[in-house]
Amino acid sequence: MTSSKTKIAIIITAAGSSTRIGSNIKKEYLPFKNGTVLSASVQTFINTCKNQFIITDFIITCPPNGKSECQIALQSSSQQENDNFQNILQVFQIVEGDKTRQKSVYNAMCAVKNQPQIVLIHDGARPFVSEKIIIEGILAAKNFGASVPGLTPTDTQKQIDKDGFIINHLERASLVAVQTPQCFNFQKLLEAHKKSHLEEKEYTDDTEIWGKYCGKVKVIPGESQNIKITYPKDLESLK
């Protein structure tokens, strides 16, 4: 299949402080399956992409001075998973992040050494990402330049003012809650990040950066199980 020739870079973000999780362990480093939340996310990308795509770069962002802790969190009790990890070490990097997610992703983008066609940016705290979302995201980015998984909200959505009063009744069918991985044409996103960096502008995520400097982002179907571990109640999903 033609997708086997697609060169991809994978960036997994794990540089945040995890203050909302209410744990003394960083959420990406919490125990899960044979290793940690982070190692589970990494292994899904390796298992999905190692045979179907060419991984040119695999980068994980970590807190400043946190490379050793991140390295430990990547280890698994499964020999097969560790072997898979060893097989991509030649393209693997741990890159220190910054004060914001945007700056951390920018650091990672600048650390890409090779020439991927597509870059995937994924939250390290989303360990339930599926092979289906990864593959569909890459193919949509190839066709449209950028893609993001999204879910239509189940609750009716309203816009409120600063005093808490409803000012706009939103159409639920036209709204999506976006997830990751967000997939982009690498060179175009890199240039967009450089522009936002020079202009010192902050955006909520990479789709907003793309929308500002590049164009439209294609939404593909998200999955309800593709949650991001954020609050203490989310820890139940790891059991």
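Modeller: Before we begin, two residues are in contact when heavy atoms of theirs lie within 4.5 Å of each other, and please keep in mind that the model we are looking at is predicted.

Colleague: Which elements are included in what covers the buried residues of α4?

Modeller: The buried residues of α4 are Gln102, Ser104, Val105, Tyr106, Ala108, Met109 and Ala111. Among the elements that cover these residues are four strands and two helices, namely β1, β4, β5, β6, α6 and α7 (206-213).

Colleague: At what angle do helix α4 and helix α6 pack, and is α4 parallel or oblique to α6?

Modeller: Helix α4 covers residues 101-111 and helix α6 covers residues 186-199, and their axes lie 10 Å apart at an angle of about 130°. Angles over 145 degrees would count as roughly antiparallel and those from 65 to 115 as roughly perpendicular, so this pair belongs to neither group, and α4 is to be called, with respect to α6, oblique.

Colleague: How many nonpolar residues are there in the contact of α4 with α6?

Modeller: On the α4 side the contact is made by Gln102, Val105, Tyr106, Met109 and Cys110, while α6 brings Phe186, Leu189, Leu190, His193, Lys194, Ser196 and His197. When these residues are divided by class, 4 are polar and 1 is charged, and the number of nonpolar ones is 7.

Colleague: Are α6 and α7 oblique or roughly perpendicular to each other?

Modeller: The axes of these two helices come within 9 Å and cross at roughly 90°. Since an angle from 65 to 115 degrees is the cut-off that applies here, α6 is, relative to α7, roughly perpendicular.

Colleague: Which residues of α7 meet α6?

Modeller: From α6, the residues involved are Lys188, Leu189, Ala192, His193, Lys195, Ser196 and Glu199. By class, this contact holds 5 nonpolar, 2 polar and 4 charged residues. On the α7 side, the partners are Asp206, Ile209, Trp210 and Tyr213.

Colleague: Which residues touch the most other members of the largest nonpolar core?

Modeller: In soluble globular proteins, nonpolar side chains tend to be buried together. The largest nonpolar core here has 32 residues, and the elements that give two or more residues to this core are β1 (7-13), α1 (37-49), β4 (54-62), α2 (67-73), β5 (92-96), β6 (118-123) and α5 (131-144). A second, separate core of 17 residues includes Val95, Met109, Val112 and Val119. In the largest core, the members that touch the most others are Ile8, Leu38, Phe58 and Ile60.

Colleague: Is the crossing in which α1 passes α5 left-handed or right-handed?

Modeller: The two helices pack at an angle of about 60°, and their axes are 10 Å apart. Thr44, Phe45, Thr48 and Cys49 in α1 meet Glu131, Ile134, Ile135 and Ile138 in α5, and these residues divide into 5 nonpolar, 2 polar and 1 charged. The crossing in which α1 passes α5 is right-handed.

Colleague: Does Asn226 count as buried or exposed?

Modeller: Asn226 lies in the segment after β12 (218-221), where, leaving out residues up to four places away in sequence, Asn226 touches His122, Arg126, Phe128, Val129, Ile133, Gln179 and Thr180. Its relative accessibility is 1%, and because buried means under 20%, Asn226 counts as buried.

Colleague: How far apart in space are Leu175 and Ala192?

Modeller: Leu175 is found in the loop between β9 (166-169) and β10 (177-178), and with 24% relative accessibility Leu175 counts as partly exposed. In sequence, Leu175 and Ala192 are 17 residues apart, whereas in space, from C-alpha to C-alpha, their separation is 25 Å.

Methods: Residues are numbered from 1 along each chain as its sequence is written. This is a predicted model: local features need pLDDT of at least 70, side-chain atom pairs count only at pLDDT 80 or more; totals for chains, interfaces and linings use all residues. Side-chain values use heavy atoms; hydrogens and water are left out. A nonpolar core is a set of buried Ala, Val, Leu, Ile, Met, Phe, Trp, Tyr and Cys residues joined through side-chain atoms within 4.5 Å. Buried means under 20% relative accessible area, exposed over 50%, partly exposed in between (1.4 Å probe, protein chains only). Axes are lines fitted to C-alpha atoms, for helices over the stretch in contact, and angles run from 0 to 180 degrees between N-to-C directions. A crossing is left-handed if the near helix is turned anticlockwise from the far one by less than a right angle, and right-handed if clockwise. Ala, Val, Leu, Ile, Met, Phe, Trp, Tyr, Cys and Pro count as nonpolar, Asp, Glu, Lys and Arg as charged, and the others, Gly among them, as polar. Angles under 35 degrees count as roughly parallel, over 145 as roughly antiparallel, 65 to 115 as roughly perpendicular and the rest as oblique.
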